[in-house]
Amino acid sequence: MRHVIALDVGGTGMKAALVGAETALPGGQPPGPPPLLYEARRATGRERGPDAVVESILDFAGELLAYGERHFGESAVAAGVAVPGIVDAEHGIATYSANLGWRDVPMRQLLSERLRGVPVALGHDVRTGGLAEGRVGAGNGTDRFLFVPLGTGIAGAIGIDGRVEPGAHGFAGEIGHIVVRPGGIECPCGQRGCLERLASASAVSLAWAEASGDPEADAADCAKAVESGDARALAVWHEAIDALADGLVTALTLLDPRVLIIGGGLAEAGETLFVPLRAAVQKRVTFQKLPEIVPAALGDTAGCLGAGLLAWDLVTGTAQTTRTTNPTEPPASGPHHSDHPDHPDHPDHPDHPHSSEVSA
């Protein structure tokens with residue numbers, strides 16, 4: 001059976017799968033998610049240093065190749081890997097990751113060598129998860145989407161005609177660093193009043209812990225208190241939603257997406273989040289066209305599915321989803337959002353497959 005290898009690498013854990021081909025549906029309908037033929041997880045071993053992390057990835061990929069040969073009678077036809085931090089996808093280099101400690105790792109070359117020449121695609125974790133959500137998840141069938149996971153930080157992936165736009169330097173979609181409250185809370189990026197300092201899952205957790213007097217309280221607890229009508233929780237929740245709506249309206253004014261996909265830990269609150277959020281966004285739009293605002297559909301499989309789609313794109317010749325991130329460029333000041341332990345694509349986030357974390 002034809003298949004590809006998909007690897008979703010987080011800060012402390014990796015999720016992997018052997019992914020089958022998409023199946024065409026009748027009547028010209030968009031295909032659904034490709035089948036995950038086999039799934040497995042491993043620790044990254046980051047406590048042993050960046051070289052050990054790279055070796056863990058290579059060993060894991062080798063195991064997957066052997067599994068496919070034993071159980072499906074043939075080798076994988078390609079591989080895709082999604083990694084956090086700064087990524088030069090065009091040249092296949094994992095340029096920088098604060099969480100994993102690596103710099104300028106020629107990931108594509110190393111993996112292809114370990115996989116005996118199998119072609120390899122490298123992608124950025126958030127954009128790879130966004131690719132899956134846009135192509136086979138909540139945005140399936142749409143031509144323009146914006147995927148925004150709300151985790152420890154707030155990330156973004158801009159979808160255009162089945163691919164995800166990385167920007168000229170690999171930083172497109174950094175919606176979490178739109179300043180929505182000038183002069184507000186200091187952000188690790190160096191600005192004040194960034195969206196992710198007010199409306200991420202971690203921001204809501206901090207605000208609710210202070211308001212409730214319970215240092216262990218988190219965003220999920222706040223959502224439950226909102227549902228019970230707690231006035232303190234309602235104040236915290238609506239402050240976060242107001243900030244989020246301000247940031248989203250800025251983004252949709254610039255990008256004009258047809259569908260706005262919200263994921264991450266905060267989205268697990270369901271309609272407790274989406275009902276007031278839709279109303280807040282609608283209240284703010286004037287001339288802009290209001291997009292459909294929907295929850296992410298793929299959960300913790302988004303990263304693997306996205307990596308699998310990158311690999312199948314190599315096989316089918318589909319245009320790649322990323323261009324170059326300048327490998328000579330220094331890392332952004334402060335930690336990159338996808339290296340945060342509460343980011344939806346980080347393994348310690350509640351929404352991540354490996355974890356306790358909040359992307360896809």
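**Note on strand β2 and the second largest pocket**

1. In strand β3, E39 is the bridge partner of A17. The model under review is predicted. The contact belongs to an antiparallel pairing of β2 with β3 (residues 36-43), which extends over seven bridges.

2. On the pairing with β1 (residues 4-9), the sense is again antiparallel, here over six bridges. Within this pairing, V4 has V19 of β2 as its bridge partner. The connection from β1 to β2 is a hairpin of three residues.

3. How many residues of β2 are buried? Seven of the seven residues of this strand (residues 13-19) are buried, so β2 is largely enclosed by the rest of the structure. Burial applies to both faces: one side carries G13, K15, A17 and V19, and the other carries M14, A16 and L18. A17, the partner of E39, and V19, the partner of V4, are both on the side that begins with G13.

4. Turning to the second largest pocket, its volume is about 200 Å³. The lining consists of I185, R197, L198, A203, V204, L206, A207, V236, E239 and A240. Two or more of these residues come from each of α4 (196-199), α5 (201-212) and α7 (231-255).

5. Which element gives the largest share of that lining? Helix α5 does, with four residues.

6. As to chemical character, the lining of the second largest pocket comprises eight nonpolar residues and two charged ones, with no polar residues. The charged residues are R197 and E239.

Notes. Residues are numbered from 1 along each chain as its sequence is written. This is a predicted model: local features need pLDDT of at least 70, side-chain atom pairs count only at pLDDT 80 or more; totals for chains, interfaces and linings use all residues. Side-chain values use heavy atoms; hydrogens and water are left out. On a 1 Å grid over the protein atoms alone, a cavity is a set of points where a 1.4 Å probe fits but cannot get out, and a pocket is an open set with protein on both sides within 12 Å along at least five of seven lines; lining residues have an atom within 4 Å of a point. Grid points are joined across faces, edges and corners, and a volume is the space filled by probe spheres set on the points. Buried means under 20% relative accessible area, exposed over 50%, partly exposed in between (1.4 Å probe, protein chains only). Two strands pair if DSSP finds at least two bridges between them.
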